[in-house]
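Biologist: I'd like a quick tour of this model. Can you take me through it?
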Amino acid sequence: MKKAILLPRKFIQGRGVAAEVGGLAASFGTKAVVLWGQKARAAVNEAVLSSLAAAGVEVVELAFCGETTKAEAQRVADAAQGAAVVIAAGGGKCIDAAKGGAIFAKLPFIVLPTVASNDAPTSACTVWYDEAGVCIGFDLWPVNPDYILVDTDVIAAAPVRLFKAGIGDALATWYEADINRQSRAVTCSGGVATLTALALAKLSRDIIFEHGLKAIADVEANVVTPAVNAVVEATTLLSGVGWESGGLATAHALANAFPALPETHGLFHGEKVSFGLVAQLCIDDDIDPDLVEDTVAFLVQAGLPVCFADMGIEGVSADRLLAFATDTAGEGSFTGNHPREITGRDLYDALVSADVLGKRIKAELA
Ligand SMILES: [Zn+2]
């Protein structure tokens, strides 16, 4: 049985660390391509451009097209001819596109996430979409990003809904990794989960339980506190390494499949993971019932989706839901990582059971 873990070279988190990008980029050479969207550019361009200029690094700026398409990654790679490093500033889609571009161009890669809503920054994966925004698969690259700069001033200034979505994504990490531990499934790392990945996933969950609600309140007030610092580390570094080398299960099988139900289109990835986790808790034979109650109660208090109404799918017919569950549990699904077979009917039952559970706990806490 082979074990493996994927890790980024260096992770840096703190106030104003975006301004460290120049020195890191200059360690690779004197020309950089920067991919960023409009909002990300507005948030960090002063720090990034002045830091690169001060380090003597010439910059080619590219405006992110808005979708992680292979064409967008190729555009980054083409622009990077003669450059020494690719830099991405933005959300998960922009980071994933630039990551693909850096790999195509065989260049090192620096990430500046401007929101803490997802696990893209530390990951060696790119999740691909077509021009219409439909997920068409993913590539697992041989290396992780070289440097990750998480500027907490920038994260705390971003919309709190994105911060909460990151909490939903990161909370699920341990529950999914634990399924993979039970089944000894091979993860993205190419081996079964290391004790290190499992410990990081558990630490992510524990930090979120301990500091998550305080951190949400603080980000709502646009301030950086010890709670925000702890939770940002959990949602970016710990969850990022934890999912990639710990493994995924039903929560992400559902989150990735929900786009097949157009009613869920307005939701962020981490929000879909939140309800996916509630469903996973309803399909897991070995989970402690008290932990199920505590987990769902936390999600309710964090304002994350726990029932059909929260997901916008209250009106979906039983037939449609069963067809969705059957597709989701099909060949190659992350549901296959569970230690027992999960059929479409099992998953349908878990979804309905999750709705009942979520509604009850929501009512109790109201
Ligand atoms: Zn995720």
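Modeller: Sure. This is a predicted model. Start at the zinc ion: Asp169, through two OD atoms, His252 (NE2) and His269 (NE2) coordinate it at 2.1 to 2.8 Å.

Biologist: What arrangement do the four donor atoms make around the zinc ion?

Modeller: An irregular one, because their angles run from 51 to 142°. Four donors count as tetrahedral only if all angles lie between 85 and 135 degrees.

Biologist: How are the donor residues spaced in sequence?

Modeller: The pattern is D-x82-H-x16-H. Asp169 sits in helix α6 (residues 160-183) and His269 in helix α10 (residues 269-281), so this pair ties together parts that are 100 residues apart in sequence.

Biologist: Is Asp169 buried or exposed?

Modeller: Asp169 is buried, with a relative accessible area of 1%. His269 counts as partly exposed, at 30%.

Biologist: New topic. What is the strand order in the open sheet?

Modeller: Six strands run β1-β8-β5-β4-β2-β3, with parallel pairing. At the edges are β1 (10-14) and β3 (58-63), each pairing on one side only. On average, neighbouring strands are turned by 15° against each other, direction ignored.

Biologist: How many bridges join β2 to β3?

Modeller: Six, and the two strands run parallel. β2 covers residues 31-36. One bridge pairs Leu35 with Leu62 of β3.

Biologist: Which strands does helix α4 touch?

Modeller: Helix α4 (residues 92-104) packs on the sheet and touches β2, β4 (85-90) and β5 (109-113). Its direction makes about 175° with that of β4.

Key:
Residues numbered from 1 in each chain as written. Predicted model: local features only at pLDDT ≥ 70, side-chain atom pairs only at ≥ 80, totals over all residues. Heavy atoms only, no water. Pairing = 2+ DSSP bridges. Helix = DSSP H or I, 4+ residues; strand = E, 2+ residues; numbered from the N terminus. Axes fitted to C-alpha atoms, helices over the stretch in contact; angles between N-to-C directions. Contact = heavy atoms within 4.5 Å. Donors = N, O, S within 2.8 Å, 3.2 Å for Na, K, Ca; no water. Tetrahedral: all angles 85-135°; square planar, octahedral: opposite > 155°, others 65-115°. Buried < 20%, exposed > 50% of the residue type's maximum accessible area, 1.4 Å probe, protein only.
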